[in-house]
Amino acid sequence: MKLLLINPNTSAPMTAAIAKGAQAVASSNTEIIATQPSFGPLSIEGHYDEAFAAAGVAEQVKLAASWGPDAVVLACFGDPGLEAAREATSAPVLGIAEAAFHAASMLATGFSVVTTMTRTCIIAERLVQRYGFEHQCRGVHGTDIAVLDLEDGGEEIIGQIEHAAREALSRDRSGAIVLGCAGMTTLCHTLTQRLGVPVIDGVAVAVKFAEALSALGLGTSKHGDYATPLPKVYTGWAAPLGWPKAR
Ligand code: 5HY
């Protein structure tokens with residue numbers, strides 16, 4: 001199967017790191033096609049960044065319609081543009097936050113999220129509500145590690161995340177940790193060994209869920225609000241992203 005993996009920010013090194021993490025867990029017959037938007041923020045650390053990231057996701061899914069992915073994974077913990085992407089394709093589309101919440105809720109009665117900037121915690125908290133995980137998610141905790149600093153992935157960074165995770169496990173009385181950034185995918189194995197609890201990397205989980213749905217022949221419903229966007233002219237730099245009249 002062909003899996004379109006979109007990194008909604010525009011950091012090429014981060015796209016490469018996420019693609020490597022995804023390919024490492026993917027089945028041998030899964031080809032990971034990793035892309036990023038042609039415009040937008042190098043990292044997503046707030047509402048303004050997220051607005052452009054969502055448009056970038058819509059761009060990449062629209063452009064991929066030319067070759068037709070079997071599944072799509074959005075590798076940013078805010079799941080930006082998730083619903084727009086589901087309108088734009090009949091393939092299954094998974095956001096790493098939603099996928100991670102589902103996995104965590106099957107492994108522990110309560111989980112905690114450890115993310116990057118404290119100011120983005122509200123974005124994760126709203127996703128918890130939107131996806132209906134209020135009873136399982138016992139806390140969202142920022143480390144104020146900048147997203148692009150994760151690329152260093154050194155002991156200082158891992159130590160900070162480990163410390164925040166230990167605090168969360170004791171304060172929230174939770175049994176699992178959800179990593180709140182796609183850039184943490186490379187740190188999951190080490191954190192799992194150190195913490196001794198399930199540490200959920202949304203990139204890995206979303207790839208496996210995508211493979212499962214695709215293998216079952218299940219895709220996004222085109223009946224109702226996820227139906228293909230209505231034909232519409234877009235103007236300005238977005239002109240190519242408008243939806244043509246169906247022939
Ligand atoms: C992410 N930002 O996964 C989010 C994490 C965050 O550029 N990739 C980003 O801080 O919300």
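Ala, Val, Leu, Ile, Met, Phe, Trp, Tyr, Cys and Pro count as nonpolar, Asp, Glu, Lys and Arg as charged, and the others, Gly among them, as polar. This is a predicted model, where local features need pLDDT of at least 70, side-chain atom pairs count only at pLDDT 80 or more, and totals for chains, interfaces and linings use all residues. Residues are numbered from 1 along each chain as its sequence is written, and side-chain values use heavy atoms, without hydrogens or water.

Q: What makes up the shell around the ligand, by class?
A: Seven residues are nonpolar, five are polar and none is charged.

Q: Why is Asn-9 said to make a polar contact with the ligand?
A: A polar contact is a pair of N or O atoms within 3.5 Å. A polar side-chain atom of Asn-9 lies 3.0 Å from a ligand oxygen, so the pair qualifies.

Q: What makes the backbone of Ile-44 count too?
A: One of its backbone N or O atoms is 2.7 Å from a nitrogen atom of the ligand, so this pair also meets the cut-off.

Q: How much of the ligand does the protein bury?
A: Taken alone, the ligand exposes 290 Å², and the protein buries 96% of that. Areas come from the Shrake-Rupley method with a 1.4 Å probe.

Q: Which domains supply the shell?
A: Domain 1 (2-96 + 205-241) and domain 2 (97-201) each give at least three residues. These bounds come from an automatic or database domain assignment.

Q: How far apart are the C-alpha centres of domain 1 and domain 2?
A: They lie 22 Å apart.

Key
Polar contact = N/O pair within 3.5 Å; in protein donor to acceptor, adjacent residues only side chain to side chain.
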